[in-house]
Each structure stands twice: as C-alpha cells, then as structure tokens.
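I opened a new notebook page for this chain and wrote down what I looked up, in the order I looked it up.

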Amino acid sequence: MRASVGDKLLVHGRIVGQHDRTAEIVEVLGADGSPPYRVRFEDGHETLMSPGPDTVVRHIPYSDQ
C-alpha cells in the first residue's frame, strides 16, 4: 500500500450495520509512502494506522496549479 499526505483512506465496516469510515492522511511515517500513517477521521479524531485488507486508498488527483 502506498499513499501520500492528503490522500483518503476508506475503511470498510467489518460487521453488519457498521458504516464505512473515511480518514485523511496527515503524515506518512513509512518509507516511500508505506504505512504507518497518521490519519484524521471526520469527527476530528487522529490516530496512527497500519491499514489492513479492509482499507482502500483514494488518491487525491495531482494539480500543478
């Protein structure tokens, strides 16, 4: 898994009724974009994550403007 600051992590719910959660990557602590990541969830909670197979990276499109 590779990600950059500003990318989003989509964490799928693991049990029936649990909603997916989205977190923004605020710091990449691994080499070359690899985990762990410091992330901020929609509710403002920040934590360190080493995402598992239930997580997808949503890359932010590059803009040179």
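The entries below go from the whole chain to the sheet, then to the core and one loop.

**Entry 1: the whole chain**

I noted before anything else that this is a predicted model. I then looked up the secondary structure and found zero helices and five strands in the protein chain. Read along the sequence, the pattern is β-β-β-β-β.

Next I looked at the overall dimensions. The C-alpha trace spans about 40 × 25 × 20 Å along its principal axes. I also checked the radius of gyration, which is 12 Å. A compact globule with 65 residues would have a value near 11 Å, so the two agree.

I looked up the surface as well. The accessible surface of the protein chain comes to about 4,600 Å², and 50% of that area belongs to carbon and sulfur atoms. Buried residues make up 29% of the 65 residues. I also looked at contacts between residues at least 6 apart in sequence: 39% of these join residues at least 24 apart.

**Entry 2: the sheet**

In what order do the five strands lie in the sheet? I read the order as 4-3-2-1-5, in an open sheet with antiparallel pairing. Strand 4 and strand 5 are the edge strands, and each of them pairs on one side only. From one strand to the next the twist averages 35°.

I wrote a reminder here that strands of a sheet pair through backbone hydrogen bonds, either parallel or antiparallel.

I then followed the pairing at one edge. Strand 3 and strand 4 (residues 46-49) are antiparallel and pair over four bridges. Tyr37 stands opposite Met49 in strand 4, and the bridge partner of Arg40 in that strand is Glu46. The hairpin of strand 3 and strand 4 has four residues between the strands. In this hairpin, Gly44 takes a positive phi near 95°.

At the other edge I looked up strand 5, which pairs with strand 1 (residues 8-11) in the antiparallel sense over four bridges. Lys8 has Arg58 of strand 5 as its bridge partner.

**Entry 3: the two faces of strand 5**

Which side chains of strand 5 are buried? Along residues 55-58 the side chains alternate. Thr55 and Val57 point to one face and are buried, while Val56 and Arg58 point to the other face and are not buried. I set the general rule beside this: in a regular strand the side chains alternate between the two faces of the sheet.

**Entry 4: the nonpolar core**

Val57 came up again when I looked for the largest nonpolar core, which has ten residues, including Val57. The other members are Ala3, Leu9, Val11, Ala23, Ile25, Tyr37, Val39, Phe41 and Met49. Strand 1, strand 2 and strand 3 are the elements that give two or more residues to this core. The largest share, three residues, comes from strand 3. Tyr37 and Met49, noted above as standing opposite each other, are both in the core.

I then listed the contacts of Ala3, leaving aside neighbours within four places in sequence. Ala3 is in contact with Ile25, Val28, Gly33, Tyr37, Val57 and His59.

**Entry 5: the loop between strand 2 and strand 3**

Gly33 in that list took me to the loop between strand 2 (21-28) and strand 3 (37-41), where Gly33 lies. Is Gly33 buried or exposed? Its relative accessible area is 13%, and buried means under 20%, so Gly33 counts as buried. Gly33 touches Met1, Arg2, Ala3 and Val28, not counting residues up to four places away in sequence. The C-alpha atoms of Gly33 and Ala3 are separated by 5.0 Å, although the two residues are 30 residues apart along the chain.

Ser34 is in this loop too. Ser34 is buried, with a relative accessible area of 16%. With residues up to four places away in sequence not counted, Ser34 touches Met1, Arg2 and Val28.

Asp32 lies in the loop as well. Its relative accessibility is 69%, and exposed means over 50%, so Asp32 counts as exposed. Asp32 has a positive phi of about 55° although it is not a glycine.

My last look was at the prolines. A cis peptide bond joins Pro35 and Pro36, with omega about 5°. Pro36 is found in the loop between strand 2 and strand 3.

Technical notes. Residues numbered from 1 in each chain as written. Predicted model: local features only at pLDDT ≥ 70, side-chain atom pairs only at ≥ 80, totals over all residues. Heavy atoms only, no water. Buried < 20%, exposed > 50% of the residue type's maximum accessible area, 1.4 Å probe, protein only. Pairing = 2+ DSSP bridges. Contact = heavy atoms within 4.5 Å. Core = buried A, V, L, I, M, F, W, Y, C linked by side-chain atoms within 4.5 Å. Rg over C-alpha atoms; globule rule 2.2 N^0.38 Å. Areas by Shrake-Rupley, 256 points an atom, 1.4 Å probe, with all protein chains shown as cover. Axes fitted to C-alpha atoms, helices over the stretch in contact; angles between N-to-C directions.
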